[in-house]
Amino acid sequence: MPLPRPSPQPPITERVLAIDPALRNTGWAILEKTGRDLKAIAYGVITNKPKLLHSGCLVAIREQLHEVIRQHSPTVCAIEATIYVQSFKTAIVLGTARAACLIAAAEHGMAIYEYAPKEVKQAAVGRGAAQKDQVAFMIRSMLRLRETPPPDAADALAVGIAHFQNADAGAAITREMKRV
């Protein structure tokens, strides 16, 4: 007598908060994936005025990301890693902006994943040295958006795509390891 086959499990839905951190223009995006279906739920740029002190920018980034998290209930956070910069001062400023983003996600108990800039561009365009306008164009096409997102939001969307591609690769490896 054959054993009954288990019924297929419904696809898991994961919602990611993806972030391209910067002090003046932090890109953010909420992407959702169910099975093979990937869609952009929301995206935008947290813009801080040039006259706002660095400390004020950090508070604004954390507060606005807190509001995005509250509205969209992401399950995980993906953030772009620090890029190589020529200036020590620029690296410190970028690091503090990243910290504000990381604190917002950590306060909500989210697991945080980090992706190198080249990995993000590779996921969006197919090569790691793409320009911002190329990333934005490809993101619009990949996610079937009606408009081209602002460059910083497009970068955040690309971070989310890199996260899901990485998760798919990890799941495939796990499946292969479990095969008999």
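Colleague: Let's start with α3 and α4: which residues of the two helices meet?

Modeller: From α3, K121, A123, A124 and V125 meet Q134, V135, M138, I139 and M142 of α4. Bear in mind that this is a predicted model. A meeting here is a contact, with heavy atoms within 4.5 Å.

Colleague: What makes α3 and α4 oblique to each other?

Modeller: Helix α3 (residues 117–125) and helix α4 (residues 132–142) pack at about 50 degrees, their axes 9 Å apart. Roughly parallel needs an angle under 35 degrees, and roughly perpendicular runs from 65 to 115. The angle of about 50 degrees falls in neither range, and the pair is therefore oblique. As for handedness, α3 passes α4 in a left-handed crossing.

Colleague: And why are α1 and α2 called roughly parallel?

Modeller: The axes of helix α1 (residues 54–72) and helix α2 (residues 88–107) cross at roughly 30 degrees and come within 9 Å. The cut-off is under 35 degrees, so α1 counts as roughly parallel to α2. Their crossing is right-handed. On the α1 side the contact includes L58, I61, L65 and I69, and on the α2 side V93, A97, A100 and A104 are among the residues taking part.

Colleague: Turning to the sheet, what makes β3 and β5 edge strands?

Modeller: The open sheet has five strands in the order β3-β2-β1-β4-β5. In that order, β3 (37–47) and β5 (111–115) each have a single partner strand, so one side of each is left without a neighbour in the sheet. From one strand to the next, the twist averages 20 degrees.

Colleague: How do you know that the pairing is mixed?

Modeller: Go through the pairs. β1 (residues 13–20) and β2 (residues 25–34) are antiparallel over eight bridges, with A18 opposite A29. β2 and β3 are antiparallel too, over 10 bridges, and I30 faces A42 there. By contrast, β1 and β4 run parallel, joined by four bridges, and β4 and β5 run parallel with five. Both senses occur, and the sheet's pairing is mixed.

Colleague: What links β2 to β3?

Modeller: They form a hairpin with two residues between them. G35, in the turn, has a positive phi of about 60 degrees.

Colleague: What makes β4 largely enclosed?

Modeller: Five of the five residues of β4 are buried, so the strand is largely enclosed by the rest of the structure. Side chains in a regular strand alternate between the two faces of the sheet. In β4, V76, A78 and E80 lie on one side and C77 and I79 on the other, and both faces are covered. I79 stands opposite I19 of β1 and opposite E114 of β5.

Colleague: Why does E80 count as buried?

Modeller: Its relative accessibility is 12%, and buried means under 20%, so E80 qualifies. E80 is in strand β4 (residues 76–80). An unreviewed UniProt entry lists E80 as "binding site". Beyond its neighbours within four places in sequence, E80 is in contact with I19, D20, P21, R98, Y115, P117, V120 and V159.

Colleague: R98 is in that list; is R98 buried or exposed, and how do you know?

Modeller: With a relative accessible area of 9%, against the limit of under 20%, R98 is buried. R98 lies in helix α2. Outside four places in sequence, R98 is in contact with P21, I79, E80, A81, T82 and E114. P21 is thus in contact with E80 and with R98.

Conventions:
Residues numbered from 1 in each chain as written. Predicted model: local features only at pLDDT ≥ 70, side-chain atom pairs only at ≥ 80, totals over all residues. Heavy atoms only, no water. Pairing = 2+ DSSP bridges. Axes fitted to C-alpha atoms, helices over the stretch in contact; angles between N-to-C directions. UniProt positions renumbered as here; feature names shortened; annotations may be inferred. Buried < 20%, exposed > 50% of the residue type's maximum accessible area, 1.4 Å probe, protein only. Parallel < 35°, antiparallel > 145°, perpendicular 65-115°, else oblique. Left-handed = near helix turned anticlockwise from the far one by under 90°.
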